[in-house]
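Reader: Can you walk me through this one? I'd like the basics, then the details.

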Amino acid sequence: MTEIYDLIILGAGPAGVSAAIYASRAMLKTLWIDNKCMTGGQITDTYEVDNYPGMPGVSGMDLGEAFGEHAMKLGISPACENVLSIKEEGGEKVIYTEKNEYRTKAVILALGASHRKLSIPGEETFSGSGVSYCATCDGAFFRNKTVIVIGGGNVACEDAILLSRMCEKVYLVHRRDALRADKILQERLFACSNVEMVWNGEPVEVKGDERVTGLLVRNKETGEERMLAAEGIFIAVGTIPNTWLVKDLVETDDRGYIVAGEEGITSAPGIFVAGDARTKMLRQVVTAVSDGANAVAAVQEYLLHI
Ligand code: NAP
C-alpha cells in the first residue's frame, strides 16, 4: 500500500527548516523536499545577516548550514527532488516529482522567492557574462574593477557595500531619489567613498560585446541618458514568489503571493504556506522562521479534525 505522510514540507529556506524542526519534534510522519538540496534558501546568497537574534554578523552561508545541522540532529534532512506538480485526490495531496509520487494529508509550502528581472535589452544576453543577481557569489570576479548595482532596497545596499570593499568603483543606480533600505545600511553605504549614487536612474539597456561594458541609464526627471562604463552589473530589484506550482490550487494576490495569515492557512484545506511566499508585511529570516513554526501548529490542529 502507498505510504501516506502526515506532512510534506516543500522548501528548505528558513521557513522550511523551521517547519521541519517543529514537525520532527511533533513526531509527524514528515517528508521534506528541496530542489536545491541545501538548507538556507535565499540567505545563502547573502553576505551577512545582521538582524537574526543571537547571531550578529553571521554569514548567510554559515546560518544556512547551521539551520541544516540543527534539523539533521533532530533526524530530518531535505530530500533532493524537483517538484513538478501538486494535485488534490480524494482529500489527499499528491506531490509529483521527477522521480516519485508522494501522498500526504497536509503540505507546507515554504517555496520562497526568486530574483526579479529588469527585463531590459541585454540583461538576458549578458547574464553570466557580467550580469549577476548575487554579489556574494560573483563579486570576487570583479576585484579592482568598476561595477554597477541596481536597486534601492536592503539587498542593493548590502551588495554595494560588499562590492565597495573589493572593487575600484561602484555605481548604485536607483529609480527614485530615496532608498528604501534600512537606515543603518544607508549610513554604511553613504560612508563608502568609492560608491557613486545615480539617483532617479532608470536602467535602459545593458551594453556589451562578449561581456558587459556598461549600462545605459535614463534620468527620470530630465530624460537625459548617460552611459555608465562597468564590467559587472548586479541586479537587486527585489524578489518574486515561487508560487507558479500552486497558482491554480490556492488563492494568490495580484503579485503572486499566497494569501494567508500567520498560521499559514491557505484557501485550500490541508495546504499551508510559510515564509516569503506568503502575503505579509516583513520578509526576513526571523519572520520566515516564525511562519514555519506557526504552520506546523496549524497542521497539527488540521490533522486532529480530518
Ligand atoms: P526590495 O526591498 O523589494 O527592494 C527592491 C528595490 O528594487 C526597490 O528599491 C525598488 O525600487 C527597486 N526596483 C524594483 N523593481 C524595479 C525595476 N523594475 N527597476 C528598477 N528598480 C526596481 O527587495 P530586496 O532588497 O531584494 O529585499 C527583499 C526582501 O528581503 C525585503 O523584504 C528585505 O527587507 C529583505 N532583506 C532583509 C535583509 C536583512 O534583514 N538583513 C537583507 C536583505 C533583504 P522602489 O524603492 O522605487 O520600489
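Author: What follows goes from the overall fold to salt bridges, the ligand and a few single residues.

Reader: What kind of model is this, and how are residues numbered?

Author: This is a predicted model, with residues numbered from 1 along each chain as its sequence is written. Local features need pLDDT of at least 70 and side-chain atom pairs count only at pLDDT 80 or more, while totals for chains, interfaces and linings use all residues; side-chain values use heavy atoms, with hydrogens and water left out.

Reader: What does the secondary structure come to?

Author: The chain has six helices and 17 strands. These are DSSP runs, numbered from the N terminus: helices are H or I with at least four residues, strands are E with at least two.

Reader: And the overall dimensions?

Author: The C-alpha atoms fill a box of roughly 65 × 40 × 30 Å along the principal axes. The radius of gyration of the chain is 21 Å, which agrees with the value near 19 Å for a compact globule of 306 residues. That radius is taken over C-alpha atoms, and the globule rule is 2.2 Å times the number of residues to the power 0.38.

Reader: How much of the chain counts as buried?

Author: Of the 306 residues, 51%. Buried means under 20% relative accessible area, exposed over 50%, and partly exposed in between, with a 1.4 Å probe and protein chains only.

Reader: Salt bridges next. How many?

Author: The structure holds 15, each being a side-chain nitrogen of Lys or Arg within 4 Å of a carboxyl oxygen of Asp or Glu. One of them pairs Asp50 with Arg188, with the closest N and O atoms 3.5 Å apart.

Reader: Which parts does the Asp50 and Arg188 pair tie together?

Author: Asp50 is in the loop between strand E2 (30–34) and helix H2 (60–73), and Arg188 is in helix H5 (residues 183–190), so the pair ties together parts that are 138 residues apart in sequence. Asp50 is partly exposed at 39% relative accessibility, and Arg188 is partly exposed at 36%.

Reader: What about Arg103 and Glu89?

Author: Their salt bridge has its closest N and O atoms 2.9 Å apart. Arg103 sits in strand E6 (residues 101–109) and Glu89 in strand E4 (residues 83–89), 14 residues apart. Arg103 is buried at 16%, whereas Glu89 is partly exposed at 33%.

Reader: Any others between strands?

Author: Glu196 forms a salt bridge with Lys169, the closest N and O atoms being 2.7 Å apart. That pair links strand E11 (residues 195–198), which holds Glu196, to strand E10 (residues 169–173), which holds Lys169, and the two residues are 27 apart. Glu196 is partly exposed at 25%, and so is Lys169 at 26%. As for networks, Glu89, Glu92, Glu101 and Arg103 are joined into one by salt bridges that share partners.

Reader: Switching to the ligand. Which residues come nearest?

Author: Asn51, Arg175, Arg176, Arg180 and Gln284, out of 18 residues around the ligand. A residue is near if one of its heavy atoms lies within 4 Å.

Reader: How does that shell split by class?

Author: It has four nonpolar, eight polar and six charged residues. Ala, Val, Leu, Ile, Met, Phe, Trp, Tyr, Cys and Pro count as nonpolar, Asp, Glu, Lys and Arg as charged, and the others, Gly among them, as polar.

Reader: Where do polar side-chain atoms approach ligand oxygens?

Author: Asn154 has a polar side-chain atom 3.2 Å from a ligand oxygen. For Arg180, a side-chain N or O atom is 2.7 Å from a ligand oxygen, and for Gln284 the distance is 2.6 Å. The protein covers 79% of the 900 Å² of accessible area that the ligand has on its own.

Reader: Anything odd in the backbone?

Author: Most residues other than glycine have a negative phi. Cys37 has a positive phi of about 65 degrees although it is not a glycine, and Asn200 likewise has a positive phi of about 50 degrees.

Reader: Are Cys37 and Asn200 buried or exposed?

Author: Cys37, in the loop between E2 and H2, is partly exposed at 43%. Asn200, in the loop between E11 and strand E12 (201–208), is buried at 15%.

How values were computed. Polar contact = N/O pair within 3.5 Å; in protein donor to acceptor, adjacent residues only side chain to side chain. Areas by Shrake-Rupley, 256 points an atom, 1.4 Å probe, with all protein chains shown as cover.
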